Amino acid sequence: MSAPRNKRRLEDLLPLGYFGLVVLLALLVLPTILRTPQTPPTQAAELSPDAPPDPEQQSLISSFSRGVSGTAGEGDGVGGGDSGATPTTIAGKAPPRACPFGVGNPPRQTFSYFSAPCAGPFTGKNGGATWKGVTANEVRVAIADPNGDHGTDGLVPDVPRPNESDADRTYRVFQQWFNSRYQFWGRRLQLAVINGDDSVDTSKQRAVAVSADENYHVFAADIGRYPSMEELARRQIISFGEQGDYFNGSWLADHRPYTWTTRADATLLMRLAGEFACKNLVGRVAEHAGGALASQKRVFGFLYQDNDGYRRSLPEFRDALAPCGGTVKVAIGFPGDGGSSADGNTVSSAVARMRAQGVTTVVASVDVLDSALVGSTATAQSWFPEWFVTGMGLLDENLDATLQDSAQWTHAFGIGAAPISDPQLNAGDVNPIIGMRAYHEIDPSGSPDFNITIRLFAQLEQIANGIQMAGPNLTPQTFEQGLMRMGPRVQDLPPWEVVGGFGTGDYSFADKVGILWWDPNAPNDTSTSGAYRWINGGKRYGLGQLPSSVPELFKTGASKRVDAK
């Protein structure tokens, strides 16, 4: 008996159906088998393209990517994904590398000891115009040189200007260096130069801040004067203090998250100076003074700049001395922002007053040029007190110490947060070494503008760190959170460098100091001799860590980096 017609037709079609299913599975499976796996580039200790994966570094990137989420919105992105900072492979193409020049283990973004940790790759859209000075493609940062004589005003180009000056070339090279080495989440850093006015005129200083905002619409500024930084904070713009200025800790915190400094804040320096004085100076003879003063019990005179930056240092130093019974016998404030703002009569009167009150030890919290005037006047009156360096006014740096009266400075000692000088670059600041190396990575045969390199690079580096650490959703608040997340910089740090970082309530970078004394016979690379010697190989001390005895003063110490241990 034959099968029903519809059943026979189904049986006849089954082999054809099986064949079709096999073909479909082959089309789905074979490309996956044959396709070469696309593995995102790994970043090992030195981030060689051929290096094996580093588990620590991958963990660091993963944890950072989880902590920074992409924000849907405007922006030119590549691909998609539910997190803007999550590595994603799109159309068989690996995501862009985020740390091509990274160094260290765990790796940091650049060779600099102070750069941010390596960021993860970024695909997708950033937050677009998340704050003033920020678009989907750009972050604007002003460089406001208070000297008013470096570079051409305006946006820094990516190609040389006709007859490009050293200053213009330096800005252009730095801009290229940051954009090629940092992860700015789909944006580029655009610098804007504003030549300011180095006068103490508050209105002129504020005018620079107004120009940064209204003419160039910046997110942040490397600018550095109190009036200008106050105005920028009022306008909700990030600013980093210029390397010659000092800022009280409470003032910085009161203006959070907008005001920052790469140096130690004045409050911390006064507390450390007071601790050193209590442990080593109070109640003892002024053995490092000259003449008859060397046999007298110490009497402190305090010199300070009478402005917002320095004024609070006097009560803070007095408070730091109080626990050990120390006092300040004479306190003299000089007007303005320093730079020899005090006239001859004021200086002469100050020296006469300290002598009359029996001062043996001058505590210096004053601009370098004003201290130089006091010193030369003291020498003319044959008065040679001790000079207690507190780290204020650049007086812990060789270049500025050489400006002091040589007969006075043979009696100088104290504390400083600056790094030990390099034998080849005696500016005594972190900026020249790192800034010059950064410059020469882009332009090996060129010579950067030295003043720009020593004054501005360190602040630009921290601004770049904050932008990277903020992630795609860049605001002053995420900038603050990013810098705080970096924590203190201590790992693998050589003994001659600045020690510190940002943290809760801490908007100044340098947190520790070394102990130094001036050796007039130590060589340096300027036209004059003399350099600081740092005891214990440049060892750094935080609050509560300073020693109670310093027999090395005026005997031993490292005067250059190669001697540091």
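**Close-up 1. Pairing of strands E9 and E10 in the predicted model.** Strand E9 covers residues 361–365 and pairs with E10 in the parallel sense, over four bridges. Within this pairing, Val 363 stands opposite Phe 388 of E10. Between the two strands the chain passes through helix H10, residues 368–380. The resulting β-α-β crossover from E9 to E10 is right-handed.

**Close-up 2. Strand E10 and its pairing with E11.** E10 consists of residues 386–389. Glu 386 and Phe 388 point one way from the strand, while Trp 387 and Val 389 point the other way. All four of these residues are buried, Glu 386 included. Strand E11, residues 412–416, runs parallel to E10 and is joined to it by three bridges. Here Trp 387 of E10 stands opposite Ala 412 of E11.

**Close-up 3. Crossing of helices H7 and H8.** H7 spans residues 266–280 and H8 spans residues 313–321. Their axes come within 8 Å and cross at roughly 35°. The crossing is right-handed. On the H7 side, the contact is made by Ala 266, Thr 267, Met 270, Arg 271, Ala 273, Gly 274, Ala 277 and Cys 278. H8 contributes Ser 313, Glu 316, Phe 317, Ala 320 and Leu 321. Sorted by class, the residues of this contact are eight nonpolar, three polar and two charged. An α-helix has 3.6 residues a turn, so residues three or four places apart point the same way.

**Close-up 4. Helix H15 and what covers its buried residues.** H15 runs over residues 476–486. Its buried residues are Pro 476, Thr 478, Phe 479, Glu 480, Gly 482 and Leu 483. The cover over them includes strand E5 (238–240), strand E6 (259–260) and helix H14 (450–470). Gly 487 follows H15 and has a positive phi, near 70°.

**Close-up 5. Asp 213 in helix H4 and its contacts.** Asp 213 lies in H4, which is made up of residues 202–214. Asp 213 counts as buried because its relative accessibility is 11%, and the cut-off for buried is under 20%. Apart from neighbours within four places in sequence, Asp 213 is in contact with Lys 132, Val 218, Arg 235 and Ile 237.

Terms used:
Residues are numbered from 1 along each chain as its sequence is written. This is a predicted model: local features need pLDDT of at least 70, side-chain atom pairs count only at pLDDT 80 or more; totals for chains, interfaces and linings use all residues. Side-chain values use heavy atoms; hydrogens and water are left out. Axes are lines fitted to C-alpha atoms, for helices over the stretch in contact, and angles run from 0 to 180 degrees between N-to-C directions. A crossing is left-handed if the near helix is turned anticlockwise from the far one by less than a right angle, and right-handed if clockwise. Contact means heavy atoms within 4.5 Å. Ala, Val, Leu, Ile, Met, Phe, Trp, Tyr, Cys and Pro count as nonpolar, Asp, Glu, Lys and Arg as charged, and the others, Gly among them, as polar. Buried means under 20% relative accessible area, exposed over 50%, partly exposed in between (1.4 Å probe, protein chains only). Two strands pair if DSSP finds at least two bridges between them. A crossover is right-handed if, with the strands pointing away from the viewer, the path from the first strand over the helix to the second runs clockwise.
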